[in-house]
Amino acid sequence: MVLVGATDPIMQDVGPTPMDRNPVPRVSAHGNALKTILTGNYVRRPPYWVVAAITLVLAAAISELARRSGRGSLWTRLLAGGLLLGYIVAVFAVFIVGNWVLPFVLPVGAAFTTASVGLGLQLLEEERRRTRIKGMFATYLAPELVDRMVESGEEPKLGGHSNVITMLFSDIQNFSTFSEQLRPDELTFLINEYLTPMTRILQGQGAYVDKYIGDAIVAMINDPVPIVDHAHRGCLAAALMQEKQAELRQFWAAQGTRWPQVVSRMRTRIGINTGEATVGNMGSEDRLNYTMMGDDVNLAARCESGAKSVGVYTLVTEATRLEAERCGDDIVFRYIDRWKVKGRSRPVSVFEVMGRREAVDAAALECRDLYEA
């Protein structure tokens with residue numbers, strides 16, 4: 001069989017074809033058709049249900065991978081991109097090898113569309129997570145720590161988990177006297193004026209304020225946000241709290257007769273311990289509180305109440321002192337004694353936090369050395 005056709009461009013019987021980038025004689029289209037008929041090597045297309053299945057599977061896979069491609073999931077993103085690229089390569093390969101025309105625009109377009117939906121869902125899920133974490137901890141942690149927790153992508157561990165933390169208990173000395181001499185509105189105003197700077201100091205050192213019990217504060221450091229120097233920060237927070245209360249006493253005394261004399265003499269006892277505790281959401285099915293419990297927590301509370309018996313206002317355990325001194329010597333400690341506190345069989349060494357080294361004068365340091373001797 002011979003096909004006759006014009007090849008000179010002047011005859012205007014040349015042009016591009018789907019398989020030729022440069023214009024060719026249009027008679028070649030007839031030649032290609034004739035070859036296909038004689039060889040039976042026709043272009044083949046899959047049935048409709050195969051097209052639908054390919055589109056559905058590819059779109060579902062890409063959208064799910066896109067939804068899971070959150071922070072730190074590089075492999076998920078690479079897998080999604082590789083899957084899409086692999087299908088595109090397969091479309092061309094199958095056509096070249098077997099003359100099969102697989103759907104291209106429909107599956108790829110559906111994959112991009114559903115991936116956009118998946119990313120949208122992932123963003124909504126991330127926003128809900130951020131809102132939930134901020135709602136749980138915004139009133140207990142410093143804002144920068146809440147942002148750090150959110151940006152880390154780590155969910156707070158719900159339920160009970162074990163962790164080494166620094167626990168802090170504080171309580172105003174002889175608080176019943178304040179309740180007796182002040183009206184309810186005056187007492188509320190005074191306590192808020194006291195708790196506000198104390199809470200800011202604690203949050204400034206990375207502490208999580210567990211709860212307020214009247215005038216008392218219960219806090220922990222190193223959970224839910226991990227902090228390496230948690231013991232040092234706890235001791236520093238206690239020293240700063242005592243310094244701030246000294247300023248408040250002067251401030252209240254300067255207000256003359258507004259407050260009774262007991263207000264200008266307010267002192268706070270603080271107990272600190274570092275050890276292992278069970279931390280997490282605890283309570284009833286209807287109401288939960290992110291709190292701590294354990295033997296070392298009880299020891300911190302005993303330090304706070306036991307400080308009264310030796311006439312000091314900040315008492316810490318040896319475990320806290322050792323951990324704090326590993327991070328620096330800017331806190332001055334004074335050895336008190338070895339106690340066997342109620343509820344524990346083993347004695348523990350306790351120390352007074354005299355304050356920040358820059359705020360403790362030479363006479364106080366000399367007294368400490370004489371007492372320890």
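Visitor: What is the orientation of H8 and H10 relative to each other?
Guide: In this predicted model, the axes of H8 and helix H10 (residues 318-325) come within 7 Å and cross at roughly 105°. An angle from 65 to 115 degrees counts as roughly perpendicular. H8 and H10 are therefore roughly perpendicular to each other.

Visitor: How do the residues of the contact of H8 with H10 divide into nonpolar, polar and charged?
Guide: From H8, the contact involves Ala231, His232 and Cys235. They meet Thr320, Glu323 and Ala324 in H10. By class, the contact of H8 with H10 divides into 3 nonpolar, 2 polar and 1 charged.

Visitor: H8 also packs with H7; are these two helices roughly parallel or antiparallel?
Guide: Helix H7 spans residues 184-204 and helix H8 spans residues 230-253. Their axes lie 9 Å apart, and the packing angle is about 150°. Because angles over 145 degrees count in this class, H7 and H8 are roughly antiparallel.

Visitor: Which hand does the crossing of H7 and H8 have, and how many nonpolar, polar and charged residues are in their contact?
Guide: H7 passes H8 in a right-handed crossing. Residues of H7 in the contact include Leu190, Glu193, Tyr194 and Leu202, and those of H8 include Arg233, Lys244, Leu248 and Trp252. By class, the contact of H7 with H8 has 12 nonpolar, 2 polar and 3 charged residues.

Visitor: With which residues is Trp252 in contact, leaving aside its neighbours within four places in sequence?
Guide: Trp252 belongs to the H8 side of the contact with H7. Trp252 is also among the residues that touch the most other members of the largest nonpolar core, as are Leu190, Tyr194 and Val263. With neighbours within four places in sequence left aside, the contacts of Trp252 are Leu190, Glu193, Tyr194, Trp259, Val263 and Met266.

Visitor: How many residues are in the second, separate core?
Guide: In soluble globular proteins, nonpolar side chains tend to be buried together. Here the largest nonpolar core has 39 residues, with Phe178 and Phe333 among those touching the most other members. The second core is separate from it and includes Ile165, Val218, Met220 and Ala300; its number of residues is 12.

Visitor: Is Asn222 buried or exposed?
Guide: Asn222 lies in the loop between E5 and H8 and has a positive phi of about 95°, although it is not a glycine. Beyond four places in sequence, Asn222 touches Asn163, Val164, Ile165, Ile227 and His230. Since the relative accessibility of Asn222 is 12% and the cut-off is under 20%, Asn222 counts as buried.

Visitor: How far apart in space are Asn222 and Thr166, C-alpha to C-alpha?
Guide: Asn222 and Thr166 are 56 residues apart in sequence. In space, the C-alpha to C-alpha separation of Asn222 and Thr166 is 6.9 Å.

Visitor: Which peptide bond is cis, with omega near 5°?
Guide: The proline of this bond, Pro224, is found in the loop between strand E5 (216-221) and H8. Asn222 lies in that loop as well. The cis bond is the one from Asp223 to Pro224.

Visitor: What is the relative accessible area of Asn174?
Guide: Asn174 is placed in the loop between strand E3 (160-172) and H6. Asn174 is not a glycine, yet its phi is positive, at about 55°. Asn174 is partly exposed, with a relative accessible area of 45%.

Visitor: What separates the C-alpha atoms of Gln181 and Val24 in space?
Guide: Gln181 lies in helix H6 (residues 175-181) and is partly exposed, with a relative accessible area of 44%. Beyond four places in sequence, Gln181 touches Pro260 and Val262. Gln181 and Val24 are 157 residues apart along the chain, and their C-alpha atoms are separated by 106 Å.

Visitor: Which residues does Gly355 touch, not counting those up to four places away in sequence?
Guide: Gly355 is found in strand E10 (residues 348-356) and is buried, with a relative accessible area of 9%. The C-alpha atoms of Gly355 and Phe333 are separated by 7.7 Å, at 22 residues apart along the chain. With residues up to four places away not counted, Gly355 touches Ala239, Asp330, Ile331, Val332 and Val360.

How values were computed
Residues are numbered from 1 along each chain as its sequence is written. This is a predicted model: local features need pLDDT of at least 70, side-chain atom pairs count only at pLDDT 80 or more; totals for chains, interfaces and linings use all residues. Side-chain values use heavy atoms; hydrogens and water are left out. A nonpolar core is a set of buried Ala, Val, Leu, Ile, Met, Phe, Trp, Tyr and Cys residues joined through side-chain atoms within 4.5 Å. Buried means under 20% relative accessible area, exposed over 50%, partly exposed in between (1.4 Å probe, protein chains only). Contact means heavy atoms within 4.5 Å. Axes are lines fitted to C-alpha atoms, for helices over the stretch in contact, and angles run from 0 to 180 degrees between N-to-C directions. Helices (H or I, at least four residues) and strands (E, at least two) are DSSP runs, numbered from the N terminus. Angles under 35 degrees count as roughly parallel, over 145 as roughly antiparallel, 65 to 115 as roughly perpendicular and the rest as oblique. A crossing is left-handed if the near helix is turned anticlockwise from the far one by less than a right angle, and right-handed if clockwise. Ala, Val, Leu, Ile, Met, Phe, Trp, Tyr, Cys and Pro count as nonpolar, Asp, Glu, Lys and Arg as charged, and the others, Gly among them, as polar.
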